[in-house]
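Me: I have a model with several chains open and would like to learn how to read it. Could we go through it feature by feature?

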Amino acid sequence: MTRILLHTRLDDCLAAWRASGYSVLAPSKSHELTRFNEVQHASDMALDLVLPERTIKDHFFPQTEPLIRYRIKKHEIDTEEMVPPELKRIFFGVRPCDASGLAIDDPLFGWDYKDEYWFRRRGNSVIVTIACTSADDFCMCTSVQLSPDSTKGSDVMLTPLKDGRGWQVLALTDRGNALLETIPSILQESDAEPAPPASVPVKFDIDKVTAWLADPASFESHFWKEISQRCIGCASCTFLCPTCHCFDIQDEGDTYSGIRRKNWDSCSFAMFTMHTSGHNPRNTQSTRWRQRIMHKFNYYRGKFDVNSCSGCGRCTRQCPVDMGITETLQSISNLPR
Amino acid sequence: MGIQEQYRNEAAELLSSGAVKLVIGYGEGSTSDRRRPVFIRSADETARLVLDANCIANLSGYLVPEGLLSDGKSVAVFLKPDGIRSVNILAAEAQVNPDQVVILGFDIDGGQASPLPGRKATDFAPLIESQKSTGLSTELQQEADQLELMSATDRFEYWNQQFSKCIKCYACRQVCPMCYCRRCIVDVNQPQWVNTSSHTLGNFEWNIVRAFHLAGRCVACGGCDRACPVNIPLRLINHRMSKEALDAFDHFAGESADQKPVLATFRQDDPETFIL
Amino acid sequence: MIYNPFPMRVVSKRDEAPGVRTLRLEFVKQEDHDYFSTNYRTGMFGLYGIFGEGESTFCVASPETRKEYIECTFRQSGRVTTTLANADAGDIVTFRGPYGNRFPIEEFEGKNLLFIAGGIALPPTRSVIWSCLDQREKFGNVTIVYGARTVADLVYKDELDEWKRRDDVNLVLTVDPGGETPDWQDHVGFVPSVLEKVAPSPDNTIAVLCGPPIMIKFTLNALEKLGFSAENVYTTLENRMKCGVGKCGRCNVGSVYICKEGPVFTAAEVQAMPQADL
Amino acid sequence: MAKIGVFVCHCGENIASMVETAKLVSTIADHPGVEISTEYKYFCSDPGQETVKKAIREHNLTGVVVAACSPRMHEQTFRKACAEAGLNPYMLEMANIREHCSWVHTDKKEATDKAIEITRSLVEKVKRNNDLQPISVPVTRRAMVIGGGVAGIQAALDIASAGREVVLVEREPSIGGHMAQLSETFPTLDCSQCILTPRMVEAIQHPNITVMTYSEVEEVDGYIGNFSVKVRKKARYVKMETCTGCGDCIQKCPVKKIPSEFECSLGNRTAIYTPFAQAVPNVPVIDRSRCTYFKNGKCGICKKTCQIDSIDFDQQDIIETLEVGAIVVATGFQVQDTSGYGEYGYGRYKDVITGLHFERLASASGPTAGKILRPSDGKEPQTVVFIQCAGSRDVSKGVRYCSRICCMYTSKHAMLYAHKVHEGVSQIFYMDIRAAGKGYDEFTRRAIEEDKAGYIRGRVSKVYEENGKLIVRGADTLLGRQVEVQADMVVLATAMVPQHDAKDFAKKIGISYDEYGFYNEAHLKLRPVESSTAGIYLAGACQSPKDIPDSVAQASAAAAKVLGLFSKEHLEREPVVAMVTESTCAGCWGCATACPYNAIDHRDINDRNGNLIKRVASVNPGLCQGCGTCVSFCRSNSIDLAGFTEKQIFAEVMAL
Amino acid sequence: MSEPFEPKIVAFVCTYCTYAGADLAGTSRMKYASNVRIVRLPCTGRISPMFILKALQKGADGVLVSGCHPGDCHFAQGNYHARRRWTVFRALLSFTGIPEERIKFSWISAAEGAKFAELINGVTEEIRSLGPFEQYQELQKIIETQSTY
């Protein structure tokens, strides 16, 4: 016997959570874009999506975030730190890949210097994940040692029932337990069978790939030029990636006051590493694509023991020129030894 | 012989005869309906070329990267009429030498790709002329009309919602053959004209500036619109600019390789109904 | 929180060379000074900024033996450095740091020291030099080889004079061919060749080498010829940085984040990095 | 940071009565970067300026804002004061709190607030001003006049007489231009050649004038004060140095039936010829396309005839490069081709001629020795119909503009005709009579009253032949009826149009032209003799249709401009010029297309081995006038305008 | 009763015509509303559309752009170029919902002091009646308060 949540009780559930002081965010479509928005009703949710176009990373590491407000005076500058609110938030209907993305980035943002902007948001957010029972051509979690029912990064795991009436509910963390305690009467015990997870074919041999990347000789391989030839150097892959975390710090304001902000940035951009002298260590698109792949599957892995990729496949799904991690890693694993 | 076969043969011949050093075309993509740009350098690779109704991307932007044409050798590229117009603009703006561009022209109509005769940009002048007389896309116009009918307040709100989605990934810019600047205006930080942050104000500024820079240069290939990962209807704003250039200045982007930029020229009798 | 800088007051400024300026900064708040004093070690860097313009990364040019103030020396090039260069005594700027690792000078104790610097890369070297000279007795011979493109481009001219006068320091100055003035008494030639000519002994010697990438490359060859092992040569890397604390991803080269695991590396460590990305 | 001094002027009561200057001073004093903020009754006075200078020295000011009147009033005053105190004069901005504030507002608080904002904004601007140095351009004090008509001759003589060297370039074998073709001139009816030829001779004999006939300008490089002009001296096949102009060769030349261009084909010339008897220089040229020797190598009679061996069949064109500091363009006009007016029968009927033909018929040195004889049969016409505006002011077929001279010369023709054919009847179809000019209206009145010219107001619809007579059908709009007039000859007052190659020529030398091909003046009213390109001036009908007095007046004006330029060895120019950031320029040339002054060139950037890396825009500070049109075109912000940089304006706006 | 709304208007003008026209209005002691702040440029050709966007960011409720009449440009052609840019930019702003009434263009010669004064009064009155450009100003407020997700 496990606990289940019926679709029909979802609205009650939302009401109970709101009553406990949570706001609930779930995939929904607004203005031709699917993303996590705050929802009031179950009917607002778009839970049948394979994946929303935008990731939940956005809600922990916003695309632009005020850090410090400053006021310029004659001989002094007044500053005021802008502290992100510690909102009690529930992310409902997160896909396992997106949930994993948060867990993948945690060590980076906590590496010696703790980035409070990330962790204040992380601390009070509950990730309620729904295991995937369907996938599309781009899904590749299984290729990066995750799965359509992976629990990584989740506080509560919902597994769809075979009969389609609801989900099996499993708390994975204290935060998850605490959340379920707010809805004891809404959950029920049942022995309804869970639906099998989506079948996501393995697209490349990650061990082979990481071994090749770790080989110093691979760095200078002609492979990088060929694979990235059509890359146009935009940042849609990085900005839609659940794990990409690079940013810029910029001051914006007028003569009298302004705000120092933390903005998304991308290793795809030529300006990313450009020195003021004009020297640019990564001045071609192929070197930038190499950095992206190396960082995700070699450097990051070396540092934090995890690939900086959760297999969501957005990079390929949204690429204007049909590139992406899958193709590159597939090609690497097919390279002759 | 189908068009794909015909153009594969032609590409092979161009490469094996040494007439071109490279053929930029379309290949199979990661799903059955996707096509991706491919770069063919020898005749025996031409079997990778695909040409069908899914080949909609404007490949002319790949002609621009520095160094590609600097050796004086020619490059062949698969182009629809919009792409041919892009080549004309790139030539007019001294970014490519049109003599080095062999055009494998085709058009898509009724779900079919069909060949267009001609190999040099100038060969397509009558085609482009007839496109000009046909006018801009009526579908786009209808869509734009929906917005024009709104009150300014509603229209602002519409774009406010659209632009608030923008994440400044610059896919629109990077995919655009016209965005060849060595340094984009957003990367100018002395002074920082465009707020680089992707808040709605910065996004408004960015999208307005880009549309302005495309005025009289956009060929409506739709590349930016398709590339936008957050589905901002960039086609509409660019269409509005094309319409203004055509209506007010009789300027149809990419008419010829010696067309002058619409915003660097003038006529003394340009319309000025709005000036007090 | 993490990205909040210390306000600093400009105490004085000094022109070092055309376009190169040194600022001396003092702390506005005692707690900031305390934090700095506790944490600063030679080799570390910081982000110097002005609100409204942004931040720029360079080393702390003053030694760990003098923590009452921070000195920084920089070339005016971008938006931030141009504004910093225009700061006058009394103006408020900001400092965030100290960040990064350091030169392990206690490991250098009892050894001979060879400092080699080129052009605008003397500031990080200078920090180590003074950190050692301020406790001169702990170290063996001290040799400083410094070169610049022209005589005018030599920075810290007063200190060069001072080192020249000291008998416990062997200062070797050089300028690139064509960069000498009529009254130039010292070497003319590129640093690597002058170094080979001077030929300091590698025995029991630590080398600290800072300069532009091309100079580093050739000087390392020269050092190798002289018998130095890459493990005994220290250098410091400068990359574009925004956060300084291993988050923003910009300074990642190979498996290291320069800001967290650097900027000080042995030549052996640098050689292990993918050279093209430097 | 910056150390800015702000000086708030009361302008007596003019400012102080409406703006609370004390508040302005104290508010601005709190603005970052303001070192000193002070007020005074009249800063433009000597003690006021002294205060500014003293403050600059004492406070080491890096910039000055004077909050006072309009910069158009006292900017120069305070720039000078800054310079005297050792501050670069371009480190000054003026906050206009008088014309734009105290004088136009009635509420003290509003005016004060506005004054504060204006001043603050300019403090932010001046913080970003740069030291600028006036641009000094050396001047080659030698002029070139292109076109040897009356305008060109006049300009050349004026410049030369003031002691400067002039090169006068004419593409025909002789100078003289259209005026040499004319019979008499209005409104005095003096003989055109009688007044022109002395000037022609004076020009060729002037020690400061080098006349280059049968020569064409090929290319103009450089900029004001420093032009380099390539001139093609076409082969004459007659040695200029030795030919005495005896004319024996012309007499003997067997090819005699070549329609003479000078005579508008009403007469003939030989293959070796001078265009007209009084040609200057009086040295013939061989028309290679007609000469038998050049056709088949046989003949050479001229060579045999010439006693001093001045014929040289081996001559080649020579390209000569000349350095000049100023150029006067006086390339003139041509008459419009009337073939578009089929209804007037020009070309179909021999006796339908143009005004210029009539000039030749009336000229004493012309093909008929001054007798008015009709071309078809050489008989004296008893009735002549003149049709005015045969091309001018006609949107549908001709040109939109008025050619300005036709009313006058038609009157003149009617008078000349009356004087020569006493019983002759002249009828003139006209739209309006435009006779504005000294003595002009009196002149047309004379034609009507004394010489019986019949004026019919209306347009002609058709000219046709019936029984050997030309019938002119038209409307008399005053009487409101159709009229038909029998004529023995019809004279069309054709429009003056630019030379057929006027636009190409303009491109060659880099000046702008209007839709017709007339050259644009820099400013229609205020700079009417300057072209859009600094150092190139306009004279005569190349700029717009003109009569002789106007052409000559403009020529003298152009000469005065040239002499003004030549008054110094160096030309000082405001340093407000555009500058290119080469590293980011993409070389799209939009700036060059937009530039009204052709001040933007291409510059190649090569690597050490001389290989082209890229081609970028480059501003010629000698040509740039500082309008900034290029700056706002540039998509990548790779071009900027000194004095009004992007940084300055940004700061100004962000402080508002 | 609350204070009547006083719009903030930024004007970009060329120095040779409109700036001089404003000077003439001053020397003629004409009276007009004090809401307009003038930024002086050498020529309308120098006026980049970015200026207008920055004025809006700074909270302008209206923008005025003015220069020499066609044919009168001191630099011969600057205002013709400017006119094209304005035509296009105005269409663009209007299409994105920035009301045409808030962005004004005019030709004012150095002799038209009276026209300048009238125009300033007219534009001020019109924009006052439109009220503050809250929609755009809201964008600036959002920046100061929130992260963008």
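Reply: What follows takes chain contacts, domains, a helix, a sheet and a few backbone details in turn. Keep in mind that this is a predicted model.

Me: Which chains share the most contacts?

Reply: Start by listing the chain pairs that touch. There are 9 pairs of chains in contact, and chains D and E share the most contacts among them. Chains C and E, on the other hand, do not touch, and 14 Å lies between their nearest C-alpha atoms.

Me: How many residues do chains A and B each bring to their contact?

Reply: Count each side separately. Chain B gives 27 residues and chain A gives 28 residues. On the chain B side, β2 (35–40), α5 (152–164), α6 and α8 (223–227) of chain B each supply at least two residues. By class, that side of chain B has 10 nonpolar, 12 polar and 5 charged residues.

Me: What domains does chain C have, and how many residues of each are in contact?

Reply: Domains within one chain can be read in the same manner as two chains. Chain C is split into domain 1 (6–99) and domain 2 (105–236). Their centres, taken over C-alpha atoms, are 24 Å apart. The contact involves 15 residues of domain 1 of chain C and 17 residues of domain 2 of chain C. On the domain 1 side, β1 (6–17) and β5 (70–75) of chain C each provide at least two of the touching residues. The classes on that side of domain 1 are 7 nonpolar, 5 polar and 3 charged.

Me: Now a helix. Why does the span of α2 of chain A agree with its number of residues?

Reply: Compare an expected span with the distance between the end C-alpha atoms. Helix α2 (residues 96–110) of chain A has 15 residues, so at 1.5 Å a residue it should span 21 Å; its end C-alpha atoms are 22 Å apart, which agrees.

Me: Is α2(A) mostly covered or mostly uncovered?

Reply: Mostly covered: 11 of the 15 residues of α2(A) are buried. Among them are C97(A), A99(A), L102(A), I104(A), L108(A) and F109(A). The cover over the buried residues of α2(A) includes β6 (89–94), α3 (116–123), β7 (125–130) and α8 (285–304) of chain A. After α2(A) comes D112(A), which has a positive phi near 60°.

Me: What is the strand order of the open sheet in chain E?

Reply: Read a sheet across its strands, from edge to edge. This open sheet of 4 strands in chain E runs β2-β1-β3-β4, with parallel pairing. Its edge strands are β2 (36–41) and β4 (103–107) of chain E, each pairing on one side only. Direction ignored, neighbouring strands of the sheet are turned by 20° against each other on average.

For one pair in detail, take β1 (residues 9–14) and β3 (residues 62–67) of chain E, which pair in the parallel sense over 5 bridges. Within β3(E), L64(E) is the residue opposite A11(E).

Me: Which strands does α2 of chain E lie across?

Reply: Helix α2 (residues 49–57) of chain E lies across β1, β3 and β4 of chain E, and it runs at about 150° to β3(E).

Me: Where are cis peptide bonds found?

Reply: Look at omega for each peptide bond. In chain B, a cis bond joins Q190(B) and P191(B), with omega about 5°. P191(B) sits in the loop between α6 (171–175) and α7 (200–213) of chain B. In chain D, the bond from F186(D) to P187(D) is also cis, with omega near -5°. P187(D) is in the loop between β8 (184–185) and β9 (190–191) of chain D.

Me: Is N467(D) buried or exposed?

Reply: Count C-beta neighbours. N467(D) counts as exposed because it has 6 C-beta neighbours inside 10 Å. Its loop lies between β24 (460–466) and β25 (469–476) of chain D. Phi of N467(D) is positive, near 55°, though the residue is not glycine.

Me: And is N598(D) buried or exposed?

Reply: N598(D) has 20 C-beta neighbours inside 10 Å, so it counts as buried. N598(D) is another non-glycine residue with a positive phi, about 50°. Its place is the loop between α16 (590–594) and β34 (600–606) of chain D.

Conventions. Residues numbered from 1 in each chain as written. Chains lettered and ligands numbered in written order. Predicted model: local features only at pLDDT ≥ 70, side-chain atom pairs only at ≥ 80, totals over all residues. Buried ≥ 20, exposed ≤ 12 C-beta atoms within 10 Å, placed from the backbone. Contact = placed C-beta atoms within 7 Å. Nonpolar A, V, L, I, M, F, W, Y, C, P; charged D, E, K, R; others polar. Pairing = 2+ DSSP bridges. Axes fitted to C-alpha atoms, helices over the stretch in contact; angles between N-to-C directions. Expected span 1.5 Å × (residues − 1). Domains from an automatic or database assignment.
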